[in-house]
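Subject: Handing over the model

Hello,

Here is the structure for your files. Please open it alongside this email and keep the viewer to hand as you read.

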Amino acid sequence: MPFTYTTVSAPVLTSVVPASGPEAGGTTVTLTGTGLATATAVRFGATPAASFTIVSDTHITAVAPAGTGTVPVTVTTPGGTSNGISYTYAGAPVLSSVVPNQGPISGGNTVTLTGVNFTGATAVTFGTTPATSFTVVSPTQITAVVPVGPAGPVTLTVTTPGGTSSLQSAYFYVNTPILTAVAPPSGPLSGGNTVTLTGANLIEATAVRFGTTAATTFTVVSDTRITAVVPAGAAGPADVTVTTAGGTSNAVSYVYLPAPVVATLIPNQGPTSGGITFTLTGTHLAQATAVLVGGTPAGFTVVSDSHIVVDAPPGAPGLLDVTVTTPGGISSPVTYNRVAAPGI
């Protein structure tokens with residue numbers, strides 16, 4: 001009986017998807033090509049696939065065995081062995097740090113992840129939320145844009161073809177600071193006075209600003225209170241803000257006040273017994289907190305920003321300096337003459 005010889009072409013591979021996986025193996029890949037229906041073996045380098053399934057003459061699914069480095073994947077049929085398609089065994093990623101390790105609950109800031117085996121990273125997650133975007137800078141560095149998240153710590157995870165690496169509580173979402181008041185609410189143009197800021201979420205303050213000018217110094221007393229030394233500023237209101245890793249607070253108003261100026265004192269003399277009033281005229285008098293006559297506090301009534309009526313206190317005769325104090329400072333003195341009653 002005669003024999004019939006049939007020529008069978010060697011299989012051809014065109015792709016392996018995915019083209020990489022962990023060194024431990026176990027990844028299911030799809031091989032695409034032609035002449036695959038009669039496959040008798042699938043190999044990763046010299047190592048047989050853990051298992052394989054012929055789907056059609058153009059597709060095989062195979063489970064990658066353990067391995068290292070980059071190896072050719074081949075298919076063998078009665079017609080021969082195919083060309084090789086590269087498959088890379090990726091080392092498992094190791095995430096070691098994230099800088100900065102905190103930011104606002106609104107996200108949007110960029111952090112840098114450091115570690116090893118980041119090549120081909122497929123995901124970066126903050127808790128269970130994927131990063132808004134990320135870039136693999138090198139095998140040891142990834143930059144990621146932080147997504148929105150709830151206040152508190154979250155686990156940071158990097159996924160690559162080689163596996164997954166997580167750092168527990170590695171990133172902290174910080175609430176936005178809130179300001180409710182500044183006291184006192186005004187002061188001199190020269191600054192140098194200390195104010196107290198109250199609010200919430202202030203504990204990690206990195207800056208306190210009056211307008212665009214940084215406070216001379218500041219001290220975080222608690223999560224609800226900061227003391228700050230006011231810098232010099234221009235006359236008028238300035239927005240006071242606090243910045244933390246959680247962002248910049250709402251603004252509260254602080255007013256820079258010019259020092260008071262007293263131009264005239266009428267009448268400029270009176271009896272040692274007191275009991276009369278005199279009028280001070282000038283500018284920036286509306287917020288007067290004290291009027292001193294010869295160093296002694298006197299009763300007074302603010303009529304307007306340019307007029308104060310003062311109750312002349314009793315005392316020994318003589319020339320006395322009169323000054324007005326406001327949050328903006330102390331006026332230059334004007335003279336009041338306390339005159340003794342004439343003798344008989």
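Below is what was found in it, from the whole chain down to single residues.

First, the ground rules. This is a predicted model, so to speak of it: local features need pLDDT of at least 70, side-chain atom pairs count only at pLDDT 80 or more, and totals for chains, interfaces and linings use all residues. Residues are numbered from 1 along each chain as its sequence is written, and side-chain values use heavy atoms, with hydrogens and water left out.

**Whole chain**

The protein chain has 39 strands and zero helices. Both are DSSP runs numbered from the N terminus: helices are H or I with at least four residues, strands are E with at least two. The C-alpha trace spans about 165 × 25 × 25 Å along its principal axes. The radius of gyration is 40 Å, whereas a compact globule of 344 residues would be near 20 Å. That radius is taken over C-alpha atoms, and the globule rule is 2.2 Å times the number of residues to the power 0.38.

Of the 344 residues, 38% are buried. Buried means under 20% relative accessible area, exposed over 50%, and partly exposed in between, with a 1.4 Å probe and protein chains only. The accessible surface comes to about 16300 Å², and carbon and sulfur atoms hold 60% of that. Areas come from the Shrake-Rupley method with a 1.4 Å probe; for residues, only the protein chains shown count as cover.

Take the contacts with a separation of 6 or more: residues 24 or more positions apart account for 55% of them. A contact means heavy atoms within 4.5 Å.

The chain carries 4 positive and 8 negative charges, and their mean positions are 7 Å apart. Lys and Arg count as positive, Asp and Glu as negative; His and the chain ends are not counted. Each charge is placed at NZ of Lys, CZ of Arg, CG of Asp or CD of Glu.

**A five-strand sheet**

One open sheet has the order β12-β19-β18-β14-β15, with mixed pairing. β12 (102–104) and β15 (129–130) are the edges; each has a single partner strand, so one side of each lacks a neighbour in the sheet. Two strands pair if DSSP finds at least two bridges between them. Inside the sheet, β14 (residues 123–126) and β18 (residues 152–160) run antiparallel and are joined by four bridges. V124 stands opposite V158 in β18.

**Around β36**

Strand β36 (residues 307–311) alternates its side chains. I308 and V310 point to one face and are buried, while H307, V309 and D311 point to the other and are not. β36 pairs with β32 (residues 277–283) in the antiparallel sense over five bridges. There, T279 has V309 as its bridge partner. β35 (residues 300–304) is also antiparallel to β36, with four bridges. V302 stands opposite I308. A hairpin of two residues connects β35 to β36.

**Three buried residues**

T77 lies in strand β8 (residues 69–77). T77 is buried, at a relative accessible area of 5%. Leaving out residues up to four places away in sequence, T77 touches S9, P11, G35, T38, A39 and T40.

S249 sits in the loop between β28 (247–248) and β29 (252–257). S249 is buried at 8% relative accessible area. With residues up to four places away not counted, S249 touches P177, I178, L179, T241 and V242.

G25 is in the loop between β2 (20–22) and β3 (28–34). G25 is buried too, with a relative accessible area of 16%. On the same footing, not counting residues up to four places away in sequence, G25 touches A64, P65 and A66. The C-alpha atoms of G25 and F300 are separated by 89 Å, with their positions 275 residues apart along the chain.

**Backbone points to check by eye**

Most residues other than glycine have a negative phi, and most peptide bonds are trans. The bond from V17 to P18 is cis, with omega near -5°. P18 is in the loop between β1 (12–17) and β2. The bond from A183 to P184 is also cis, with omega near -10°. P184 is in the loop between β20 (178–183) and β21 (186–188).

S169 is not a glycine, yet its phi is positive, about 50°. S169 lies in strand β19 (residues 163–174). N201 also has a positive phi, near 60°. N201 is in the loop between β22 (194–200) and β23 (207–210).

Best wishes
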